[in-house]
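Please walk through this protein chain with an eye to how its sheets, helices and cores fit together. The account below starts from one pairing in a sheet and works outward.

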Amino acid sequence: MNLALRTATTVLPVDDVARARSFYAEKLGLPHRGMTWDGNDLFGIDGGPMLQLMPIKDGMHSSHTALSFEVSDIERTVDEMEASGVEFRDYDLPDLKTEHHICTTDADRCAWFMDTENNILCVHESLGIQAEYQL
């Protein structure tokens, strides 16, 4: 079996479809691809990863990062997103601290924000260090 993550679709629960569609299209600038066969909004580019908004009522949302976007310049990205109205979360925990909304780890620089539906999202910049994973 060969699964290809480059064409995977992330499905996020949304309470208010119109509000979420506006957030992803206007605030984040993701291209709207149209609708799925069952009427859900779909964002992304042909042949690449996709984002599907799944309407739910009183849905449960994850307490962890649901989706992370890799960027090449995190400071510029955070500044531009803040200028468009995105609010970033700051943390001051023993193992997670942000400075100007950005947390630096051994492998990445990350900044977290929430969409209009309380899904936790992230932008991250890789520091070029390969992490080792055990499978």
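**From one strand pair to the whole chain**

Gly-44 has Met-50 in β4 as its bridge partner. This is a detail of a predicted model, and it belongs to the pairing of β3 with β4, which is antiparallel and extends over four bridges. The two strands form a hairpin with five residues between them, and in this hairpin Gly-47 adopts a positive phi near 80°. Met-50 is also the bridge partner, in β4, of Thr-9, a pair that leads to β1: here β1 and β4 run in the parallel sense, joined over six bridges.

On the β2 side, strand β3 (residues 41–44) is linked to β2 by three bridges, and the two run antiparallel; within β3, Phe-43 is the residue that stands opposite His-32. Taken together, these pairings give an open sheet of four strands in the order β1-β4-β3-β2, and the pairing is mixed. Its edge strands are β1 (9–14) and β2 (32–35), each of which pairs on one side only, while the twist from one strand to the next averages 25°.

The loop between β2 and β3 contains Thr-36. Is Thr-36 buried or exposed? The cut-off for burial is under 20% relative accessible area, so Thr-36, at 15% relative accessibility, counts as buried. Leaving aside residues up to four places away in sequence, Thr-36 touches Leu-42 and Gln-52.

It helps now to step back to the chain as a whole. The protein chain holds two helices and 11 strands, and from the N terminus on its elements follow the order β-α-β-β-β-β-α-β-β-β-β-β-β. Of its 135 residues, 35% count as buried. Among the contacts with a separation of 6 or more, 53% are made by residues 24 or more positions apart.

A second group of pairings centres on β11, a strand that is mostly covered, with six of its seven residues buried. Strand β5 (residues 65–70) runs parallel to β11 and is joined to it by five bridges, with Cys-122 in β11 as the bridge partner of Ser-68. β10 runs antiparallel to β11, and seven bridges join the two; one of the pairs involved matches Asp-108 with its bridge partner Ser-126 in β11. β10 and β11 also form a hairpin with five residues between them, in whose turn Asn-118 has a positive phi of about 70°.

Helix α2 (residues 74–83) can be read from its start to its end. At the start of α2, the backbone nitrogen of Glu-75 has a side-chain oxygen of Asp-73 within 3.3 Å. Along the helix, Ile-74, Thr-77, Val-78 and Met-81 are buried. Why do the buried residues of α2 line one face of the helix? Seen down the axis of α2, they fall within an arc of 95°, so they line one face. An α-helix has 3.6 residues a turn, so residues three or four places apart point the same way. The buried residues of α2 pack against β6 (88–89), β10 (108–114) and β11 (120–126), and just after the helix Gly-85 takes a positive phi of about 105°.

These packing relations lead to the interior. In soluble globular proteins, nonpolar side chains tend to be buried together. The largest nonpolar core of this model has 21 residues, and those with the most contacts inside it are Tyr-24, Leu-28, Phe-88, Phe-113, Leu-121 and Val-123. The elements that each give two or more residues to this core are β1, α1 (17–27), β4 (50–55), α2, β10 and β11. Apart from it lies another core, of six residues, among them Tyr-91, Cys-103, Cys-110 and Trp-112.

Phe-88 offers a closing view of this packing. Not counting residues up to four places away in sequence, Phe-88 touches Val-78, Met-81, Glu-82, His-101, Ala-111, Trp-112, Phe-113 and Val-123. Of these, Val-78 and Met-81 are among the buried residues of α2, whereas Phe-113 and Val-123 are, like Phe-88, among the residues with the most contacts inside the largest core.

Terms used. Residues are numbered from 1 along each chain as its sequence is written. Side-chain values use heavy atoms; hydrogens and water are left out. Buried means under 20% relative accessible area, exposed over 50%, partly exposed in between (1.4 Å probe, protein chains only). The arc is that of the directions from the helix axis to the C-beta atoms. Contact means heavy atoms within 4.5 Å. A polar contact is a pair of N or O atoms within 3.5 Å; within protein, one must be able to donate a hydrogen and the other to accept it, and residues adjacent in sequence count only if both atoms are side-chain atoms. Two strands pair if DSSP finds at least two bridges between them. Axes are lines fitted to C-alpha atoms, for helices over the stretch in contact, and angles run from 0 to 180 degrees between N-to-C directions. A nonpolar core is a set of buried Ala, Val, Leu, Ile, Met, Phe, Trp, Tyr and Cys residues joined through side-chain atoms within 4.5 Å.
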